[in-house]
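Reader: I am a first-year student, and I should like to look closely at a single part of this structure. Could you please guide me through one part and then set it in its surroundings?

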Amino acid sequence: MTCKKPITLAPVATNSSYLVVDGSINSGDSSLITLSHTVNIAGNARSNPELGASVSIEGSGGDKYTLSSKGNGNYVSAPLNLSSSQKYRLNITTGDGKQYVSDFVPVKNSPPVDSVNYAIVSNGLQINANTHDATNNSRYYRWDYVITYQVRSAFESKLIVINGDTSAFRTPAQQIYNCWLNDTSANIALGSSAKLASDVISKQEISLIKSNSELLRIGLSILVKQHVLTSDAFNYFELLKKNSEQVGGVFDAQPSELTGNIHCLTNPTEPVIGYIIAGGVSTKRLFVDNKSLPATWLPDLSYYNGCALITELYDYIPPGAPAGFIEHQVKEYIYTGIETPIDTVLNPKLGVIATKPYCGDCTLRGTNKKPSFWK
Amino acid sequence: MKKIYFTFILFFAVKLLHAQVSKNISVNFQQATIEQFTGELETKSGYHIYYDHAQFDSLKITLQVNNQPLESVLSQAFHNTTYHYALFESKMQVFLTRDKEIRTQPAAGYFNVKPGQTQPVAPSQVIDFTTAPVKAPVIESTIENKLYEVGIKTNQLKAGKASVSGYVKSAKSGVGIAGAGLYVANSGVGVTTDQFGYYTLSLPRGKQLLIVKGVGMKDARRQVMLYNDGDLNIELQDQVTTLKEVKISADKVANVRSTEMAVSRLDIKSIKQVPAVFGEADVLRIVLTLPGVQSVGEATTGFNVRGGAADQNLILLDDKTIYNPAHFFGFFSAFNPDIVKGIELYKSTIPEKFGGRLSSVLEVTDREGNKKNFAGSAGIGLLTSRLNVEGPIVKDKTSFIFGGRTSYSDWLLKLLPEEYKHSHASFYDFNLDISHQIDKDNNIYLTTYLSKDNFRLNSDTTYNYSNKNANIKWKHNFNSRLYSLITVGYDGYKYDISSSANPVNAYKLKFGINQTNFKTDFTYYLNRNNTLDFGLSAIYYKLNPGTETPNSASSLIVPDKVDDEQGLESALYLGDKFDVTPDFSISAGIRYSMFNYLGAQTVRTYAPGLPRTPLNVLDSTAYSGGKVIKTYTRPEIRVSARYNITDDLSLKASYNTLAQYIHLLSNTTAISPIDIYKLSDPNIKPQYGSQVSFGVFKNAAQNTIETSVEVYYKHIDNYLDYKSGAKLVLSHAIEQEVLNTQGKAYGVELSIKKTTGKLNGWINYTYSRTFLKQDDPTAGQLINGGAYYPANYDKPHSFNFTGNYRITHRYSVSLDVTYSTGRPITLPIAKYYSNGAERVFYSDRNEYRIPDYFRSDFSINIYGNHKVHQKFHNSWTVGVYNLTGRQNAYSTFYQQQGGAINSYQLSIFARPIPFINYNIRF
């Protein structure tokens, strides 16, 4: 009855290019600030990085830390130890000379994450975090995460092509059957204990992974990062979440203008997107093995659609070919990298079984080095 | 037959008497009864006078005659009455008869008497009569060809006018018929019955022909001999073939005749003919087919009248205020179609007796229980079933009507995709009304309503809401010119949200509105040209704007309560419907409304000229219980006028001002069950509205086609819009979350209705615009830079066709076609990458529109046979909602999923929805 379907909306023609400030001022670690500009909503570009800016962190006591450009709009500071008695702000001068400054924000250090656990719910795996602050000062929390998950190629390649003219058996370090991929949080996870008698966050949903997700095929490890926010920052991220994730439904709030805490000094009416927070992050890691998940949860392996084994011969004589014509299929298809070798074959003739690279080589998606934290 | 029979009895009972010479006599009767009259004449003349006492008991004779023959005395006494005398001189006998004349002579013309020649009547000195101290009994009129005598009968018909009043009732059930029209043949005089079927009509004394038209009733005529003020009840026969017509109005000439503008009356039969989404007639959905009425989408409970917000409609069920008029996300209206008699929607000329809302008054009227027989009906649909029972408690005096509905919709929700599968929704509602006639002049009505909704939208959060209403009305007729209606009632609306999935956060949020009402309405028929309405009303509000409590023992939720709000809204009103000439009439009224915001309450004062933020709070004052914190008063003007250019063409104009003291705060598109109600307080001003409208009304083809063009302009002050990112739930300082806006709306409405014939229905086209503007710099934030922006429900073009074609008396088909411009939405103007995903940047509010809306619905009504006297009557309704399956957009939006922004469209009914409904009446 009710139906939500993708459509193409007539693009809204705007040439706006507002500065977007993403990231936070971290205590006890380096701070990564990513600067970009808004782009046309119908365009293919995800963002338009601001490359020529100078960025610095300024304490209310007057100390100043400059961030260095790492390209692609990323600006990184040296690890900083922020003082809880000070407030900090961000100064930005963009390549076109415009000056931006954030409000001074207090340092909010996160209490430890008590635990991260999971719950099996009807439509998937819910990752929950639990925390508390005995001093009752934290109250507003935000989480993001990095999920590392294992993928497995459709076929296990035992052979490796060497120098484009011969093949050898793979060593364990050369295996391309098992790989590890990272997936970062796209949805904003927020939680508040403001209404509670004590500063306790219980079973706060951080992520919901669909039961047929490839993330659950073998196993995953999730690193949950916890930030503590001011109530203003909480309101900002809540509205950002509503505007981008909770829209369109019958009882969903209407989207609204979002005002962050960064201002353009050169042109005070120019909107600036972003909200700078400062503080220390606490983290916790959880490993989930597929064996502990319901057996009825089958992964969606549509990535491997079209995967098949092909036999390539060293001397292939096509039917009706002129006398003396021999096609060196292994050289033509495998040594050139068009196909990934799986194993040797003797029947009907000497050859190599191969598959398309995306079916046999998981390094096209991730790393074949098992992460140190992997169980 | 009876009278003829009596006449003959009399005739044969005649006693023979000795002949006697007639002599002149002198008499002086003052309000003499027939006994006094005949006794004196018998004594003085020596004649014997015969009559049937029962026929003459209402006759009062005032006559002074000096020295005239008996015949002359009789002639003067009965002149201009329906009484006749026959004088047999030879036998010294006089026979008095009513209606039938005993001729003592051959018929006129027998002896070549010219037609039209009449006996000259000797002049008499008649002393002016006075009203009889004893009231004439109420006349129950059921027959068309009979001449009913109204008022204390006098032998002399006085010049001037008298008033007739009484009830127009159904002959079958004895229930009053509201909105029936009474017209005096060959004159422009006419009235409409009130909600109880009561009418008062002022007309010239003498013989009059009344034409009575009631919705769903056979047209009737009554011949009336009007002597004096009196009562006449008129019983109408039900129209047995119920397929006949969609009636928009009780009165085919009301379109051009009444001063009211933009009033839509619909009876339940018309409502039932329009296809509804799940096959059950829907009172609210039909309102959306009327010109000037919009809604933001399909799954909404609210409607917008002429650019007003959804909370600016006063929805009354028999004078009970219904705060949430919908069930099941708005797919069903709260009104049981088996109980409802009809609806009236006032969108421009709002009578002065109504107030408290800016845009419209929707009056839903329940039927009265059948006063003669037990009856009932039941209906079975795909999602709901209904039952109603009615009947007399004391025959012809006291009756009840009960209606109940319940839903069983979970099976349907289980068929939905996974994301909705674990939802649950159910509702029930009950109506119980009792009406009691104490005596001719006093009636008491008790009406009650109870509804409860419960739903869960695929999460552990449960929503409940409930309407509870009851009132008692006492209608008292002081005399035929003045009557009063006193209403005392309670209206309650409660809603709550609870969740207990996470024991630590388990909560229950409760909200509520309680209002106690008192109202007196008087109607006084001053004279033929003036009808006065006056009265006073008071509503005491007690609102619970939000209470949060832990919902489990281990919950850490700290109980939180926003202070209860109290207020008293009272009003005095006076209005006059003044017929200046038969072609020109004016309704003018004033309503003086007052609102007191009462303690106990804590009120914050803000620094003048600065945004209302926590930083700018100057002071906070705590007021004790019952203390008047703030008083607002407002004279509201309600004027309308009508001028008839010709019999079927009229011009109408109206001007209205209104005030609203209770506000609905919502930042969702549709009215959601968790929106917050707020009374006006020192920081939140009342909403004020004014509207001017002008219309041309033309009837064609013997009043069977009604056309109208209406234009309006409306201005609204202090409409509350929310700030970007406003938090409305459990806000202890809600004035910091909202903005005062101004609104303006204008439009033109074209309407064509065909009310009779095999094909009937209506076509409406509306062009309308609605804009809001927020340019108060003290609000701290200007929406769209302080410029006018379109309201959520601004849909410039709107077209509606509703038609019914009767194939035979057993089959009819209905088609409903709706088109409107898509509603405005806020779309992002840019995207960016932040916080791990693509995000969107929104700027100006409501700059874009969703695709246009188009829907057609079709239904076939199949009735069992129409034998009047069989025990059960069956009917089936089969149809398809959204026949073309068009995927109308409820909303279009950009949403981040899996890190990327994509555009989506949400449709509520994305395919044809077939439905079937079975009804049985007994």
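The request and the answer below concern one residue and what lies around it.

Reader: Where is A:Gln204 found, and is A:Gln204 buried or exposed? Please also explain what A:Gln204 is in contact with, leaving aside its neighbours within four places in sequence.

Author: Please keep in mind throughout that this is a predicted model. A:Gln204 is found in strand β19 of chain A, which covers residues 200-210. The residue is buried, because 23 other C-beta atoms lie within 10 Å of its own, and a residue counts as buried when there are 20 or more. Once the neighbours within four places in sequence are set aside, A:Gln204 is in contact with A:Asn128, A:Ala129 and A:Gly191. A:Gly366, by comparison, is 162 residues from A:Gln204 in sequence, and the two C-alpha atoms are 29 Å apart in space.

The chain around this residue comes next. Chain A contains three helices and 26 strands, and 35% of its 375 residues count as buried. Among the contacts in chain A between residues at least 6 apart in sequence, 68% join residues at least 24 apart. As for the overall form, chain A has a radius of gyration of 26 Å, whereas a compact globule of 375 residues would have one near 21 Å. Along the principal axes, the C-alpha atoms of chain A fill a box of roughly 85 × 50 × 50 Å. The domain assignment of chain A gives domain 1 (15-107 + 240-276) and domain 2 (308-355). Taken over C-alpha atoms, the centres of domain 1 and domain 2 of chain A are separated by 55 Å.

Strand β19 also leads to the partner chain. In total, 56 residues of chain A are in contact with 58 residues of chain B. On the side of chain A that touches chain B, β1 (3-6), β2 (19-23), β19 and α1 (231-245) of chain A each supply at least two residues. Of the elements of chain A, α1(A) gives the most to this side, with six residues.

Chain B may be followed through one of its sheets. This open sheet has three strands in the order β1-β3-β8 (chain B), and the pairing is mixed. Its edge strands are β1 (25-32) and β8 (153-154) of chain B, each of which pairs on one side only. Strands β1(B) and β3(B), the latter covering residues 59-68, run antiparallel and are joined by five bridges. Within this sheet, B:Phe29 has B:Leu63 in β3(B) as its bridge partner. Two helices lie across β1 and β3 of chain B: helix α2 (residues 34-45) of chain B runs at about 170 degrees to β1(B), and helix α4 (residues 70-78) of chain B runs at about 145 degrees to β3(B).

A word on confidence is in order. The model scores ipTM 0.87 and pTM 0.77. Chain B averages a pLDDT of 82, and 88% of its residues score at least 70. Over residues 107-134 of chain B, however, the pLDDT is below 50, and this stretch has 29 contacts in the model beyond near neighbours in sequence. Residues 241-253 of chain B also stay under 50, and the model has 48 contacts for them beyond four places in sequence. Where pLDDT is low, the predicted coordinates should not be read in detail.

How values were computed
Residues numbered from 1 in each chain as written. Chains lettered and ligands numbered in written order. Predicted model: local features only at pLDDT ≥ 70, side-chain atom pairs only at ≥ 80, totals over all residues. Helix = DSSP H or I, 4+ residues; strand = E, 2+ residues; numbered from the N terminus. Rg over C-alpha atoms; globule rule 2.2 N^0.38 Å. Buried ≥ 20, exposed ≤ 12 C-beta atoms within 10 Å, placed from the backbone. Contact = placed C-beta atoms within 7 Å. Pairing = 2+ DSSP bridges. Axes fitted to C-alpha atoms, helices over the stretch in contact; angles between N-to-C directions. Domains from an automatic or database assignment. pLDDT = per-residue confidence, 0-100.
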